[in-house]
Amino acid sequence: LFQVVHAHKPHFMALHCQEFGGKNYEASMSHVDKFVKELLSSDAMKDYNRARVYLDENYKSQEHFTALGSFYFLHESLKNIYQFDFKAKKYKKVTGKEIYSDTLESTPMLEKEKFPQDYFPECKWSRKGFIRTRWCITDCAFDLVNIHLFHDASNLIAWETSPSVYSGIRHKALGYVLDRIIDQRFEKVSYFVFGDFNFRLDAKAVVETLCAKATMQTIRAADTNEVVKLIFRESDNDRKVMLQLEKKLFDYFNQDVFRDNNGTALLEFDRELSVFKDRLYELDISFPPSYPYSEDSSQGRQYMNTRCPAWCDRILMSHSAKELILKSENDEKMVIYDHIGPNVCMGDHKPVFLSFRIAAGAGKPIANVHKCCVVQ
């Protein structure tokens, strides 16, 4: 993280975190406070004299707990930065460093919501939802929405239909968020939606492509006759096993297909965002699937054999937000969409980042409404 900050020197930085406190959050949440304080006081972040930290640490509230975290760092060179108060419906100037945790529901500077229980597959509570903040920086107002959508619970179920049942659940949840942030309660502004969308490749199409010349063996449980494993073998070549598929196993014999040329050959199976093409825009993906990486600290480039690698972690935007981004004809590096730590173990997800400049005066029509946003 510090290397990326040093390389790009952002003046405004939004950092998304999920599963705060880790999967064993009851035992690990006690370490979060130390981590946050070290991050805020680190030498690498010394030029960021204002910060806002929002952490959902209230794991005792099953009804509200999302384990989401959002960090916002503002460089000392930035002037006139305002954050929206959703309760007072007005912008407030950002000064100092503040940390909010535990019960974020009472914090007026954000909107936080856990998805309704009937959205959850298998009728089981999960830590999925979103946090929304609104900012105004020298004329330009925009929303930042930190999101975590549903995962695939079973590779076998994901393989059954195209698109999968899980894809439909994510579609419903993302649609809910987009409707929520453009409803009539507040003025519409451009927005960026980022985090773990858990978008998966079309599993049925991928398997049919990777194993086009294979024969399939089905293994069922003796007591229930339920399918528990699929084995795909080459028709010749001594019946070599190409792929083994179980509920939480996706063991393909050649992982290079997901890494070569950043996995570009598989992008055609990345179809979940296409449903929202009229509402969301994404820059071209030029990095390999961001999940699921090995959590072995010596295996920074290795995928786990638990799921089919996919581009789960994304940064999307409204079409009006796309117009805010300054694109230079002479320097394509002005806008960078990439992943962090390609050779370093970062957990099971590789973080993804978007670096850009906002065009001068891009938000002036909004500034005419909010006088507080005009540069002094």
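Let's start inside the protein: helix α4 contributes the most residues to the lining of the largest cavity, namely three. This is a predicted model, in which local features need pLDDT of at least 70 and side-chain atom pairs count only at pLDDT 80 or more, while totals for chains, interfaces and linings use all residues. Residues are numbered from 1 along each chain as its sequence is written, and side-chain values use heavy atoms, with hydrogens and water left out. Helices (H or I, at least four residues) and strands (E, at least two) are DSSP runs, numbered from the N terminus.

A cavity here is a set of points, on a 1 Å grid over the protein atoms alone, where a 1.4 Å probe fits but cannot get out; lining residues have an atom within 4 Å of a point. Grid points are joined across faces, edges and corners, and a volume is the space filled by probe spheres set on the points. By this rule there are two cavities of 30 Å³ or more. The largest has a volume of about 130 Å³. Its lining has 14 residues, and the closest to the cavity centre are Asp152, Asn155, Ala158, Ala203 and Cys308. Two elements, α4 (155–160) and α6, each give two or more residues to this lining. By class, the lining of the largest cavity holds ten nonpolar, one polar and three charged residues (Ala, Val, Leu, Ile, Met, Phe, Trp, Tyr, Cys and Pro count as nonpolar, Asp, Glu, Lys and Arg as charged, and the others, Gly among them, as polar).

The second largest cavity encloses about 40 Å³. Look for Phe250, Tyr252, Gln255, Phe258, Tyr303, Met304, Asn305, Arg307 and Pro309 in its lining. Those residues divide into six nonpolar, two polar and one charged.

Next, the nonpolar cores. Such a core is a set of buried Ala, Val, Leu, Ile, Met, Phe, Trp, Tyr and Cys residues joined through side-chain atoms within 4.5 Å, where buried means under 20% relative accessible area with a 1.4 Å probe, protein chains only. The largest core has 57 residues, and Phe12 and Trp135 have the most contacts inside it. Helix α6 (residues 203–210) gives the most to this core, with four residues. Leu149, Ala153, Leu178 and Leu316 are among the members of a second, separate core of 25 residues.

Now for the sheets, where two strands pair if DSSP finds at least two bridges between them. One open sheet has four strands in the order β1-β3-β2-β6, with mixed pairing. Its edge strands, β1 (12–17) and β6 (97–100), each pair on one side only. Strand β2 (residues 50–55) runs parallel to β6, and four bridges link the pair. Within this pair, Ala51 stands opposite Lys97 in β6.

Another open sheet of four strands follows the order β11-β12-β13-β14, with antiparallel pairing. Here the edge strands are β11 (214–220) and β14 (249–252), each pairing on one side only. Strands β12 (residues 227–234) and β13 (residues 241–246) run antiparallel and are joined by four bridges. Arg233 faces Val241 in β13 as its opposite residue.

Finally, is Asp348 buried or exposed? Asp348 counts as buried because its relative accessible area is 14%. You will find Asp348 in the loop between β16 (336–339) and β17 (352–355). The C-alpha atoms of Asp348 and Gln302 are separated by 9.9 Å, with the two residues 46 apart along the chain.

How values were computed: Buried < 20%, exposed > 50% of the residue type's maximum accessible area, 1.4 Å probe, protein only. 1 Å grid on protein atoms, 1.4 Å probe; cavity = no way out; pocket = protein on both sides within 12 Å on 5 of 7 lines; lining within 4 Å.
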